[in-house]
Amino acid sequence: MRYFKRFFHGKRTALFQTFSSVKGDGDGETIVGNWSAEIAAQLVTANALGLNVSMAINRIDGGRRRNDAVKKVHAVWVDIDEPTEKMSRDDLFATLLSLRVQPHLIVESSPGRFHVYWRAADCTVAEFRDV
């Protein structure tokens with residue numbers, strides 16, 4: 001996650017969250033800061049306890065990763081969370097790489113599920129919300 005943080009936030013602070021997959025389970029926490037051994041240890045411990053670990057891609061005001069909390073846009077993305085039986089992984093990658101604007105990063109978030117990111121240098125918050 002250290003490289004992921006650097007890719008989107010550079011030397012600026014980022015918002016990390018840990019949370020349970022069980023709705024209403026309040027075991028998670030929000031951590032704001034630069035990458036450090038302490039933050040890494042907190043995230044690794046949370047993950048070892050079965051919690052999900054995430055990082056807000058854009059600069060967020062407040063403690064929740066929501067579109068209405070975005071204050072600065074670093075990237076736009078697409079979650080491809082529904083694995084498809086009609087398209088192979090190779091066909092999906094070929095389709096993504098044939099787009100007029102190729103993605104800057106493709107992450108397999110879990111088997112057969114992908115997050116696709118395009119870095120944005122001058123996308124306004126209003127434009128981001130329209131995407």
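Modeller: A residue is called buried under 20% relative accessible area, exposed over 50%, and partly exposed in between, with a 1.4 Å probe and protein chains only. This is a predicted model, where local features need pLDDT of at least 70, side-chain atom pairs count only at pLDDT 80 or more, and totals for chains, interfaces and linings use all residues. Residues are numbered from 1 along each chain as its sequence is written, and side-chain values use heavy atoms, with hydrogens and water left out.

Biologist: Why is Arg-89 called partly exposed?

Modeller: Its relative accessible area is 45%, which lies between 20% and 50%, so the middle term applies.

Biologist: What makes Arg-89 and Glu-108 a salt bridge?

Modeller: The term asks for a side-chain nitrogen of Lys or Arg within 4 Å of a carboxyl oxygen of Asp or Glu. The closest N and O atoms of Arg-89 and Glu-108 are 2.6 Å apart, so the pair meets the cut-off. Arg-89 belongs to helix H3 and Glu-108 to strand E7, so the pair ties together parts 19 residues apart in sequence. Helices (H or I, at least four residues) and strands (E, at least two) are DSSP runs, numbered from the N terminus.

Biologist: How many salt bridges does a search of the whole structure find?

Modeller: The search finds 1.

Biologist: Why is Pro-103 called buried?

Modeller: Pro-103 has a relative accessible area of 12%, which is under 20%, so the term fits.

Biologist: Which residues does Pro-103 touch, not counting those up to four places away in sequence?

Modeller: Pro-103 touches Leu-96, Val-116, Tyr-117 and Trp-118, where contact means heavy atoms within 4.5 Å.
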